[in-house]
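Here is a short briefing for a first look. Keep the sequence and the 3D view open while reading.

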Amino acid sequence: MSGGFYIGLFAVLFLAIAIWSSMRRAGKKQHYDEMQLKIRADGYRLGYFVTIALLLVLLMVLDSNLITFVSPSFAIFVVMMIGIVTSVVYCIFKGAFFQIGQNGTYYIALCAFIGLLNTGMGILRILDGSLFENGVITFASGASFICGLSFVIILIALAIKKASMGSEVAE
């Protein structure tokens, strides 16, 4: 793996810890109510079943050698991210992503930063031809793009939910 990958990983980890730390120090008593906890459990269950179903499909596809342009580690990472994004988007649209009284600005900023940075790095890999290593997309070459794309999808879901909440308030 390249040094840029580790630098990016370190930067994202540092930013996440800094945001988490500042949110903790805010001192607001935030919590999920019982309905939100039920919705979050349903979201986790949905993400789990999506992941299991896609892993079964992936197992059959990789066993039959139908897909030869992605490495198994990259394919498993894609399946994992699809399961996570499914759970998160479900919770967003059901109103159980943010805690009661939570502003969410940190998460939106974090999603925008990680999503745009990683998607941009993935696009650069596509443009310079380094996405494929020996004709195969590997975890090291494609993970940043998938991670960025996942965060962009979450950011879009947050924007749609925020816009729909604004239209509900206007009515």
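With which side chain does the side chain of Asp42 make a polar contact of 2.8 Å? The partner is the side chain of Arg45. This model is predicted. The briefing starts at Asp42, then turns to the aromatic rings and a nonpolar patch on the surface.

**Asp42 and its partners**

- Asp42 sits in helix 2, which covers residues 34-63.
- Asp42 has a relative accessible area of 18%. The cut-off for buried is under 20%, so Asp42 counts as buried.
- A second polar contact, at 2.9 Å, joins the side chain of Asp42 to that of Lys38.
- The contact with Lys38 is also a salt bridge, with 2.9 Å from N to O.
- Arg45 forms a salt bridge with Asp42 as well, and here the closest N and O atoms are 2.8 Å apart.
- The salt bridges in the structure number two.
- Together, Lys38, Asp42 and Arg45 are linked in a network of salt bridges.

**Spacing and exposure in the network**

- Asp42 and Lys38 are four residues apart in helix 2, about one turn of the helix.
- Arg45 and Asp42 are three residues apart in helix 2, again about one turn of the helix.
- Is Lys38 buried or exposed? Lys38 falls in between: its relative accessibility is 47%, so it counts as partly exposed.
- Arg45 is partly exposed too, with a relative accessible area of 44%.
- Arg45 also has a neighbour from further along the chain. Its C-alpha atom is separated by 7.8 Å from that of Ser87, and the two residues are 42 apart along the chain.

**Aromatic rings**

- How many aromatic pairs does the structure hold? It holds five.
- One of them is formed by Phe77 and Phe139. This pair is edge-to-face, with 5.1 Å centre to centre and 85 degrees between the planes.
- Phe77 lies in helix 3 (residues 72-93) and Phe139 in helix 5 (residues 139-170), so the pair ties together parts that are 62 residues apart in sequence.
- Phe77 is buried, at 13% relative accessibility. Phe139 is partly exposed, with a relative accessible area of 27%.
- Phe97 and Phe98 form another aromatic pair. It is edge-to-face, with 5.0 Å centre to centre and 75 degrees between the planes.
- Both Phe97 and Phe98 are buried.
- Tyr107 joins Phe97 and Phe98 in one aromatic cluster.

**A charge over a ring**

- Where does Arg40 lie relative to Tyr32? Arg40 lies over the face of Tyr32, at 4.3 Å from the ring centre.

**Nonpolar patch on the surface**

- A nonpolar patch on the surface has about 880 Å² of accessible area together.
- Its residues are Tyr48, Phe49, Ile52, Leu55, Leu56, Val57, Leu59, Met60 and Ile76.
- Which element gives the most to the patch? Helix 2 does, with eight residues.
- Ile52, one of the patch residues, is found in helix 2.
- Ile52 has a relative accessibility of 33%, so it counts as partly exposed. A patch residue needs over 30%.

**To take away**

- Helix 2 holds Asp42 and Arg45, and it also gives the most to the nonpolar patch.
- The pair of Phe77 and Phe139 links helix 3 with helix 5.

How values were computed
Residues numbered from 1 in each chain as written. Predicted model: local features only at pLDDT ≥ 70, side-chain atom pairs only at ≥ 80, totals over all residues. Heavy atoms only, no water. Helix = DSSP H or I, 4+ residues; strand = E, 2+ residues; numbered from the N terminus. Buried < 20%, exposed > 50% of the residue type's maximum accessible area, 1.4 Å probe, protein only. Polar contact = N/O pair within 3.5 Å; in protein donor to acceptor, adjacent residues only side chain to side chain. Phe/Tyr/Trp six-rings, centres within 6.5 Å; stacked < 30°, edge-to-face > 60°. Lys NZ or Arg CZ within 6 Å of the ring centre and 35° of its normal. Patch = residues over 30% accessible without salt bridge, like charges linked within 9 Å, V, L, I, M, F, W, Y side chains within 5 Å. Areas by Shrake-Rupley, 256 points an atom, 1.4 Å probe, with all protein chains shown as cover. Salt bridge = Lys/Arg side-chain N within 4 Å of Asp/Glu carboxyl O.
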